[in-house]
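Trainee: Could we go through this fold together, starting with the overall shape and ending in the interior?

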Amino acid sequence: MKGPIGVFDSGFGGLTILREFLDTMPEYDFVYIGDNARAPYGNRSFEVIYSYTRESVLRFFEMGSPLVVLACNTASARALRNIQQIDLPQISGNKRVLGVIRPTAEMIGSVTKTRHIGILATPGTVMSNSYPVEINKIFPEICVTQQACPILVPLAENDEIDNAGCDYFVKKYIDELLSKDSLIDAVLLGCTHYPVMIESFRKFIPDHIKIVQQDNIVAVSLKDYLSRHPEIDVKCSKNSSVRYYTTDSTDNFCSRGRIFLGKEFSAEKIALG
């Protein structure tokens with residue numbers, strides 16, 4: 001039995017990842033769930049994030065998804081390992097759950113010459129320390145400096161990205177990051193919301209520093225993963241269809257989601273838990 005690839009986020013940011021999936025793998029079917037009613041996840045406890053993410057993964061499996069991508073840095077950082085190591089062996093050895101941190105960590109070594117990189121992310125992702133851990137597993141010589149950016153997600157979700165207020169906070173966080181390590185020559189935007197404010201980042205990150213975005217990296221990685229795992233790929237349906245679900249107001253989800261997906265779409269309400 002074939003089914004769509006599941007794409008999960010606590011809210012809107014994962015739509016930037018889905019957008020790249022649709023561009024890179026247009027023949028595949030996808031289903032997206034945004035847990036907007038319980039967002040944001042960034043400041044919640046490990047136990048709560050894991051519980052919420054697990055509920056969503058189970059719902060995808062009920063929908064027939066053979067593969068689920070946690071298109072959310074916070075969920076990837078705080079729930080993925082438990083789901084992969086504890087839940088999947090009990091639920092189904094034939095299904096897979098992937099995150100966005102590992103593929104990003106795998107390519108970071110190719111963009112830095114000084115071996116000093118910076119990461120801008122939500123407080124939850126920074127506190128999890130997942131990026132330094134994953135990056136140093138692969139590149140132990142790279143020095144990783146992090147900066148939490150608590151205001152950026154609310155700005156993005158309220159479409160406050162083309163004004164002086166957004167510029168102020170983007171510059172503030174960049175300055176704080178770079179003041180910690182003058183050798184940084186690459187900055188990873190470690191939150192799926194950040195692509196919609198890329199112009200602000202380009203404005204304030206010095207030209208000699210490489211900006212690393214996740215969306216394309218994760219899309220290329222997923223396509224490569226499926227080519228290397230034909231036993232999973234054969235279970236993915238390919239009719240170029242997409243379905244969208246949210247745990248909150250569909251009108252609000254579609255209105256704000258357009259900012260991240262880059263086009264109009266319609267969604268249905270879904271209950272989790």
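Below, a trainee asks and a mentor answers.

Trainee: What radius of gyration does the protein have, and why does that agree with a compact globule?

Mentor: Happy to start there, and keep in mind that this is a predicted model. The C-alpha trace spans about 55 × 40 × 35 Å along its principal axes. For 273 residues, a compact globule would have a radius of gyration near 19 Å, so there is agreement with the protein's value of 18 Å.

Trainee: How many helices and strands are there in the secondary structure?

Mentor: Contacts give some background first: of those with a separation of 6 or more, 77% join residues 24 or more positions apart. The secondary structure itself comes to 13 helices and 10 strands.

Trainee: What percentage of the residues is buried?

Mentor: Good one to ask alongside the surface. The protein exposes about 11,500 Å², with carbon and sulfur atoms supplying 50% of that area. Buried here means under 20% relative accessible area, and the buried share of the 273 residues is 56%.

Trainee: Which helix gives the largest share of the largest nonpolar core?

Mentor: Nonpolar side chains tend to be buried together in soluble globular proteins. Here the largest nonpolar core has 72 residues, and Leu18, Phe21 and Ile135 are among those with the most contacts inside it. The largest share of this core is six residues, and they come from helix H11 (residues 214–228).

Trainee: Which residues does isoleucine 135 contact, leaving aside neighbours within four places in sequence?

Mentor: Nice choice, as Ile135 is one of the residues with the most contacts inside the largest core. Beyond those sequence neighbours, its partners are Ala105, Ile108, Ile117, Ile119, Pro140, Ile142 and Val144.

Methods. Residues numbered from 1 in each chain as written. Predicted model: local features only at pLDDT ≥ 70, side-chain atom pairs only at ≥ 80, totals over all residues. Heavy atoms only, no water. Helix = DSSP H or I, 4+ residues; strand = E, 2+ residues; numbered from the N terminus. Rg over C-alpha atoms; globule rule 2.2 N^0.38 Å. Buried < 20%, exposed > 50% of the residue type's maximum accessible area, 1.4 Å probe, protein only. Contact = heavy atoms within 4.5 Å. Areas by Shrake-Rupley, 256 points an atom, 1.4 Å probe, with all protein chains shown as cover. Core = buried A, V, L, I, M, F, W, Y, C linked by side-chain atoms within 4.5 Å.
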